[in-house]
Amino acid sequence: MPSADLPASLLDAIAAEVGTPTYVYAADAVRRQYHALTGALAGMPHRIHYSVKANSNLGVLGVLRRLGAGADIVSGGELRRVLRAGYDPSTIVFSGVGKSLEELRAAVSAGVGLINVESRAELDALITIAGRGSAPLPVGLRVNPEVTADTHPYTRTGGRGMKFGIPSDEVLEVAQAVADDPHLVLEGVGVHIGSQICEAAHYAEAASRLAGFVREVRQAGIDSLKRVDIGGGIGIRYRNERPMELTDFADAIRPLADTGLSVVLEPGRYLVGNAGLLLTRCLYVKRSGGRIFAIVDGGMNDLVRPSWYQAEHEIDIVSSPPGSADAQVVDVVGPLCETGDFLGLERELIGVAPGALLAIRDAGAYGFTMSSNYNSRPRAAEILVDGGKWSVTRRRELMDDLMRGERTLEEIDSTGWASPDGSSAAVAEARTAPSSMPR
Ligand SMILES: *Cc1c(COP(=O)(O)O)cnc(C)c1O
């Protein structure tokens with residue numbers, strides 16, 4: 001069920017004002033999800049750390065911060081965003097399988113609340129930069145619980161032999177290494193088993209493994225744990241999915257509360273997925289080989305989920321030009337030069353015609369954040385709606401944005417080539433990684 005039930009008149013007005021394709025997010029819908037989750041977990045000491053990669057728009061981040069959420073980040077760029085959005089560094093958890101030394105340094109100097117390490121090698125890297133602050137650095141272990149969730153293969157992350165997490169049989173050794181280092185303190189253990197998980201049983205399995213890890217660590221004499229992190233992944237309804245009830249989810253993770261530790265959750269999709277939609281306008285209707293194509297101005301570069309994950313989003317006609325009331329079964333396709341560029345196949349739509357405004361529902365998560373400039377298309381505008389008010393929270397990219405930082409061959413000829421043994425000013429300028437990291 002789409003919870004972003006925004007009136008057609010509002011969507012029409014937004015499209016007329018800022019053009020299409022455009023993402024629209026409903027703040028109220030985000031709040032509703034947040035409160036439903038905290039409500040279901042009432043009585044269990046817990047903290048929600050919003051997983052920023054689902055939707056990292058600064059306005060959306062602000063809505064969640066004001067609700068009291070912390071942030072779960074996976075890159076230095078996300079760190080920069082959440083600091084800009086006003087998150088207290090102590091409410092940030094830094095996860096991710098391949099944090100660079102630069103990213104770890106930035107996180108340490110920002111004072112993030114917890115760094116989740118995913119391997120012994122990453123811990124060794126962290127040790128080389130810890131120890132400059134006065135207080136020991138809070139560290140968590142992300143463990144691979146060997147739980148294979150029943151979701152799309154690309155959104156499973158907790159199975160044996162996957163790149164994520166510390167393998168079960170190394171957890172104790174890594175925990176001991178953290179405990180033995182005077183500059184570190186082991187505050188958390190956690191898992192993240194995947195995304196769009198609809199079965200509570202997977203969480204029950206993960207929670208019982210996780211509670212087992214807590215026991216092991218404590219039996220080894222390490223008593224510094226403060227929190228236990230079940231990760232994200234709570235599934236939502238797009239079309240035919242049947243997500244678990246939140247009460248079943250809460251029951252599944254109850255063993256974590258029994259450890260006496262604070263339970264951390266890292267939901268992304270659950271909080272924002274149903275709260276957003278993508279507005280796109282029909283350019284042409286075309287018949288070919290027995291099919292009817294509605295060619296719209298939004299494509300796979302704007303919303304990649306249909307072609308990447310075979311995801312199905314509901315598609316509605318918001319408004320159509322006068323005299324176009326026929327029902328037709330159409331493939332809603334974008335303008336990109338790729339056969340995989342579709343937003344929905346074989347959809348019965350009433351009033352699809354050039355000029356019609358379409359809403360691709362439930363596109364608030366992994367929509368804009370996975371968008372790209374493929375085919376040199378400026379990325380969409382993003383709009384935040386709160387009650388009856390709306391505002392641009394990210395303007396549409398401009399043509400000039402597309403080539404920012406690029407140089408023509410003539411410009412390179414005049415200043416830019418480096419020889420193998422030397423460097424030129426222009427090449428040095430291009431090496432931006434360290435100075436572009438948040439400080
Ligand atoms: C992506 C991710 C999440 C959020 O997943 P959702 O399915 O959006 O809830 C949580 N934790 C980690 C470590 C992640 O990588």
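Which residues lie nearest the centre of the largest pocket? Select Lys53, Val74, Thr157, Phe164 and His192 and you have them. Keep in mind as you click around that this is a predicted model.

**Stop 1: the pocket**

Leave those five residues on show and widen the selection to the whole lining, which comes to 34 residues. Colour the lining by class and you should get 11 nonpolar, 14 polar and 9 charged residues. The volume of this largest pocket is about 600 Å³.

**Stop 2: a cis peptide**

Now head for the loop between α1 (8-18) and β1 (22-26), where Pro21 sits. Show the backbone here: the peptide bond joining Thr20 to Pro21 is cis, with omega at about -5°.

**Stop 3: α2 against α3**

Next, select residues 27-40 for helix α2 and residues 58-67 for helix α3. Their axes come within 10 Å and cross at roughly 40°, which makes α2 oblique to α3. The crossing is right-handed. For the side chains, turn on Ala27, Val30, Arg31, Tyr34 and His35 in α2, and you'll find them meeting Val63, Leu64 and Leu67 in α3. Sorted by class, that α2–α3 contact has 6 nonpolar residues, 1 polar and 1 charged.

**Stop 4: α4 against α5**

Hide those and bring up helix α4, residues 76-84, together with α5. The two pack at an angle of about 25°, their axes 9 Å apart. Angles under 35 degrees count as roughly parallel, so α4 is roughly parallel to α5. On the α4 side, pick Gly76, Leu79 and Leu83; on the α5 side, pick Glu103, Ala106, Ala107 and Ala110. This contact of α4 with α5 splits into 5 nonpolar, 1 polar and 1 charged residues.

**Stop 5: α5 against α6**

Keep α5 (residues 101-110) on screen and add helix α6, residues 120-129. Here the axes come within 10 Å and cross at roughly 55°, so α5 and α6 are oblique to each other. Check the hand while you're there: the crossing of α5 and α6 is right-handed. Which residues of α5 and α6 make the contact? From α5, show Leu101, Leu104, Arg105 and Val108; from α6, show Glu122, Ala125, Leu126, Thr128 and Ile129. In the contact of α5 with α6, 6 residues are nonpolar, 1 is polar and 2 are charged.

**Stop 6: an unusual phi**

Finish in the loop between β6 (137-142) and α7 (171-180), and zoom in on Glu146. What is the phi of Glu146? Glu146 has a positive value of about 60°, although this residue is not a glycine.

**Before you close the viewer**

If you want a scene to save, put α4, α5 and α6 up together: α5 packs with α4 at about 25° and crosses α6 at roughly 55°. Then add Lys53, Val74, Thr157, Phe164 and His192 again to mark the residues nearest the centre of the largest pocket.

Note on methods:
Residues numbered from 1 in each chain as written. Predicted model: local features only at pLDDT ≥ 70, side-chain atom pairs only at ≥ 80, totals over all residues. Heavy atoms only, no water. Axes fitted to C-alpha atoms, helices over the stretch in contact; angles between N-to-C directions. Helix = DSSP H or I, 4+ residues; strand = E, 2+ residues; numbered from the N terminus. Parallel < 35°, antiparallel > 145°, perpendicular 65-115°, else oblique. Left-handed = near helix turned anticlockwise from the far one by under 90°. Contact = heavy atoms within 4.5 Å. Nonpolar A, V, L, I, M, F, W, Y, C, P; charged D, E, K, R; others polar. 1 Å grid on protein atoms, 1.4 Å probe; cavity = no way out; pocket = protein on both sides within 12 Å on 5 of 7 lines; lining within 4 Å. Points joined across faces, edges and corners; volume = space filled by probe spheres on them.
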